[in-house]
Amino acid sequence: MTNRRKFLQKLAAFSSLSLTGCGWRLANVRAATQSSKSDKLYLYTWTQYADKKLIQTFSTQTGLQVLVDTYDSNEVMLAKVLAGGGGAYSVIYPSDYMVQKMVEKNLLIELNHSRLNGLENFFPQFKNPSYDPNNRYSLPFNWGTTGLIYNSEVLPKAPADWDYLWQNQEILNKRMTLLNDVREVMGAVLRMLGYSYNSKEEEELQQAYNKLKQLKPAIAAFDTDAWQNQMLAGDLVLAMCYSADAIRVIQENPKFKYVIPRSGSSLWTDTIVVPKSSPNTDGAYAWINFILQPEIAASISQNLNIATPNSAGFEQLPQKIKTNKNLFPETAILEKCERITPLGDFEEVYERFWTQLTSA
């Protein structure tokens, strides 16, 4: 992410193009769908990415009916696909490390780049990512960080690091949540202890588990989505969350603040892939080309409060969004963050500790 500061400093006039102002690619989109076997396109995506306005615009332009199912963790998505429940989906939105796992399991088609428009618009760091060299199987949809959101009126002292949770366990008792994600939660504690988010040392995981077991009585829930309404209602004062979700809550009430713990956190990219079981591959390519349009990328970033990897889309954002450090953190902070990577058979160790923690 060493180029992050450079592109944050670029200035450009904001283009107020709406979602409906994208006719310059419309011919390509319609041409791509004429030979589709179905007039329906099923998406399997994260809950927060189900943008009804975006879907309606695409359907109006292409004639394809878009139906969406959502999930709240990569593991839930993969389990459904492996169990045969993903056969209807033509587009899925796995995170970076999950792309690697899906490729290893031979679940994804290799994308035909000649059928895609606008690949040159990605920032350099997204064109040849370590999790998918040369974007053979996936394209970046958005990126962000994992951190802590807190109520600054109730907790006037900002959390500086993950250890804040243990130091203030009594104050936070039953008023905080952690993500319902084994790799994120275990990874955060591993990082706090000075280890890698992707540790493959069982003793290190044991230490992380022991710390979480101490904290467990004070945790209201392991939750990825429901915390947002609970936070706004005043039932929670702190939550581990994804940056995009934090920004939405902060927009509703600025008393909430978001921090990336100083010892580091995870840096993630959510992607778009096409499964081999896709019943409508033509429709999938049409959807991807729609998403790749700069004005659409900018609209998605602005409407969903997510960081776009599309440089042309980034230039169309208002300056206040470009300089929002919750969305686009400084390089010095990003350098402390770490991508989650697949761990092979060792993931069973993570799952064992996670089951012990969440079922106790």
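**Exercise 1.** In this predicted model, find which residues of helix α9 are buried, and work out why they lie on the same side of α9.

*Solution.* Start with accessibility: the buried residues of α9 are Glu204, Leu205, Ala208, Tyr209, Leu212 and Leu215. Next, look down the axis: these residues cover an arc of only 140°, which puts them on the same side of α9. The general rule helps here: an α-helix has 3.6 residues a turn, so residues three or four places apart point the same way. Now turn to the face directed away from the buried side, where you will find the exposed residues Glu203 and Lys213. Finally, list the packing partners of the buried residues, among them α8 (182-192), β6 (219-222) and α17 (347-359).

**Exercise 2.** Two of those partners, α8 and α17, also pack against each other; at what angle do they do so, and which residues meet?

*Solution.* Take the geometry to begin with: the angle is about 90°, and the axes are 10 Å apart. Angles of 65 to 115 degrees count as roughly perpendicular, therefore α8 and α17 are roughly perpendicular to each other. Then go to the contact itself: Val182, Arg183, Val185, Met186 and Leu190 of α8 meet Glu347, Tyr350, Glu351, Phe353 and Trp354 of α17. Sorted by class, this contact has seven nonpolar, three charged and no polar residues.

**Exercise 3.** Is helix α13 (residues 294-304) largely enclosed or largely open, and what covers its buried residues?

*Solution.* Count the residues: nine of the eleven are buried, so α13 is largely enclosed by the rest of the structure. Its cover includes α3 (52-62), β4 (139-151) and α12 (281-292). Just after α13 comes asparagine 305, with a positive phi near 60°.

Notes. Residues numbered from 1 in each chain as written. Predicted model: local features only at pLDDT ≥ 70, side-chain atom pairs only at ≥ 80, totals over all residues. Heavy atoms only, no water. Buried < 20%, exposed > 50% of the residue type's maximum accessible area, 1.4 Å probe, protein only. Helix = DSSP H or I, 4+ residues; strand = E, 2+ residues; numbered from the N terminus. Arc of directions from axis to C-beta. Contact = heavy atoms within 4.5 Å. Axes fitted to C-alpha atoms, helices over the stretch in contact; angles between N-to-C directions. Parallel < 35°, antiparallel > 145°, perpendicular 65-115°, else oblique. Nonpolar A, V, L, I, M, F, W, Y, C, P; charged D, E, K, R; others polar.
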